Amino acid sequence: MLKIQIRKVEKQDLDFVYKAICELENEVLDFEVFKMIFNENISNPKNLYLIAENENEGLGFISFHTQNLLHHCGLVGEIQEFFIHKKYRGQGVGRLLINEILDFAEKNDLKSIEVTTNKKRVENVAIYENLGFTLSHNKFTIYK
């Protein structure tokens with residue numbers, strides 16, 4: 001049985017988060033640019049970055065950004081990145097991270113929580129629906 005602890009991401013978690021995002025995106029990202037954005041994002045009080053770990057290793061992490069939106073007349077949160085190591089998937093790690101986000105949303109009176117997943121990750125639709133999300137929007141992107 002896993003002994004899982006959830007805590008806020010700190011500067012010393014940079015390498016774990018960097019490797020996780022590179023794996024998630026299936027590419028090697030510019031480390032210096034990544035580090036700058038990482039430090040900026042974890043120091044922003046409107047963001048919540050959490051890591052799930054056992055006694056000796058990181059199991060997964062989630063990044064959550066909030067903003068006041070006119071069309072919601074209030075604060076909305078969006079999961080930006082959500083990663084669980086392959087060997088720990090299906091063991092409740094993701095559910096624990098999502099529960100922390102739900103608690104944060106309730107305490108901060110958020111109007112909604114949103115998450116977007118790449119169309120290539122077909123399996124994520126069922127995972128998010130199982131976590132209580134509803135498929136409610138289409139997202140369109142222009143890459144530059």
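Here are two short exercises on strand 2 and the largest nonpolar core of this structure.

This is a predicted model, in which local features need pLDDT of at least 70, side-chain atom pairs count only at pLDDT 80 or more, and totals for chains, interfaces and linings use all residues. Residues are numbered from 1 along each chain as its sequence is written, and side-chain values use heavy atoms, with hydrogens and water left out.

**Exercise 1.** Work out how strand 2 is placed and which strands pair with it.

*Solution.* Start with burial, meaning under 20% relative accessible area with a 1.4 Å probe, protein chains only. Seven of the seven residues of strand 2 are buried, so this strand is largely enclosed by the rest of the structure. Strands here are DSSP runs of E with at least two residues, and helices are runs of H or I with at least four, numbered from the N terminus.

Next, look at the partners; two strands pair if DSSP finds at least two bridges between them. Strand 1 (residues 5-8) pairs antiparallel with strand 2 over four bridges, and Arg7 stands opposite Ile51. Strand 3 also runs antiparallel to strand 2, joined by seven bridges, with Tyr49 opposite Ser63.

**Exercise 2.** Find which element gives the largest share of the largest nonpolar core.

*Solution.* A nonpolar core is a set of buried Ala, Val, Leu, Ile, Met, Phe, Trp, Tyr and Cys residues joined through side-chain atoms within 4.5 Å. This one has 22 residues, and Ile62, Phe64, Ile79, Phe82 and Leu97 touch the most other members. Strands 2, 3 and 4 and helix 3 (93-107) each give two or more residues. Helix 3 gives the largest share, six residues.

Notes: Buried means under 20% relative accessible area, exposed over 50%, partly exposed in between (1.4 Å probe, protein chains only).
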